[in-house]
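User: Please give me a close look at one part of this model: the disulfide question. If there's room, tack on whatever you have about ligand contacts.

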Amino acid sequence: MIVNRNILTLDEFTLQQLRAFPTATGELSSLLRDIGLAAKRVNVEVNKAGLVDILGDAGAVNVQGEDVKKLDIYANNQFMGVLKHGISCAGIGSEELDEVVVFDDEVSNNSKYVVLFDPLDGSGNIDVNVSIGTIFGVYRRVSEVGKPCIAADFLQAGNRQVAAGYIVYGSSTMLVYATKRGVNGFTLDPSIGEFSLSHPNIKCPPSGKIYSVNHGNFFQYEKNVQQYINACQKKDKTNGGPYTQRYIGSMVADVHRNLLKGGIFMYPGTIGKPNGKLRLQYECNPFAFITEIAGGKATDGKQRILDIVPTQLHQRSPLFIGSINMMNELEEYLKQA
Ligand code: P6P
């Protein structure tokens with residue numbers, strides 16, 4: 001029997017990475033496998049959410065007669081659960097929870113990582129079948145291993161991430177994660193229930209023709225941002241265009257598309273919300289880490305996202321992220337006083 005060894009599952013891939021680093025403890029590989037397991041469970045619920053809604057008129061009960069939990073909370077509990085019961089995570093910070101969760105048990109206290117995540121970003125899009133996603137960032141804790149993790153473990157600059165990734169629940173379900181060694185994408189193969197390596201060594205094209213921004217806020221952006229957006233609309237064959245505007249209001253889907261095809265995603269500050277809408281710790285930082293490792297760039301309009309030292313768990317930041325040549329052109333506009 002010929003065994004198809006071309007398909008590398010997430011588990012096999014992380015173990016191979018481990019072989020490349022004999023001194024590694026395997027905790028990070030184990031943590032990434034835990035995240036893959038939670039992602040598979042969330043994927044099942046996301047894919048039948050529409051069904052539950054159709055049947056939902058019988059009250060908040062799903063087809064198995066279980067109480068329908070809000071999917072955000074369900075996803076949060078899945079990721080928190082696998083990380084708490086794994087061997088690699090001392091605690092988590094989540095978009096869904098006001099405070100960090102310190103796992104405070106012997107195994108967790110001896111774990112060297114903490115994880116920040118948005119369990120289900122863009123969940124408002126579920127009932128209209130638009131892709132949504134999970135976003136996560138992994139940090140080595142700064143507190144003493146052997147004791148419970150502390151708040152400072154979750155307020156590190158994004159440049160201290162050891163890994164970051166996302167799951168996009170779309171036409172197919174993909175898990176993409178980055179370490180300093182590179183960015184790799186795994187597509188869930190329903191026939192075997194495994195994430196299989198489908199996009200090895202992802203690189204963000206240095207240029208692209210896609211710009212992603214909510215035009216509805218245009219007159220609330222600062223003038224220099226408006227001028228760059230106008231310039232995007234004036235691109236033609238003579239200056240790297242024409243550009244196309246793609247924005248589906250689901251960050252994971254928008255940034256994933258631009259990462260693969262080239263492009264720029266912007267969520268600028270506005271007059272009403274100068275820090276924008278997106279959260280630094282578990283939306284901006286993971287994508288900034290991934291994009292930089294893939295050769296792109298990410299700033300808040302003034303500084304590198306990964307250099308921002310957080311002061312609050314849920315603080316927001318403007319975000320400009322994508323192909324390096326497009327980001328450099330944007331920065332020429334932002335420099336104009
Ligand atoms: P707006 C979804 O709610 C989200 O947090 C991101 O996924 C998405 O990019 C952004 O908000 C869309 O926000 O204000 O353009 O609708």
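Analyst: "Buried" here means under 20% relative accessible area, "exposed" means over 50%, and "partly exposed" is in between (1.4 Å probe, protein chains only). The model is predicted, so local features need pLDDT of at least 70 and side-chain atom pairs 80 or more, while totals for chains, interfaces and linings use all residues. Numbering starts from 1 along each chain as its sequence is written, and side-chain values use heavy atoms, with hydrogens and water left out.

On to the cysteines. The structure has 0 disulfides, a disulfide being a pair of cysteine sulfur atoms within 2.5 Å. Why does Cys204 have no bond? Its closest cysteine sulfur, in Cys232, is 15 Å off, too far for one. Cys204 is also buried, at 6% relative accessible area. Cys284 is buried too, at 0%, and its sulfur is too far for a bond as well, with the closest cysteine sulfur, in Cys204, 16 Å away.

Now the ligand. The residues around it (a heavy atom within 4 Å) include Asp121, Tyr247, Met251 and Lys277. Ligand oxygen atoms come 2.4 Å from a side-chain N or O of Asp121 and 2.5 Å from one of Tyr247. For Met251, a backbone N or O atom is 2.7 Å from a ligand oxygen. The protein covers 77% of the 400 Å² of accessible area the ligand has on its own (Shrake-Rupley method, 1.4 Å probe).

Terms used:
Polar contact = N/O pair within 3.5 Å; in protein donor to acceptor, adjacent residues only side chain to side chain.
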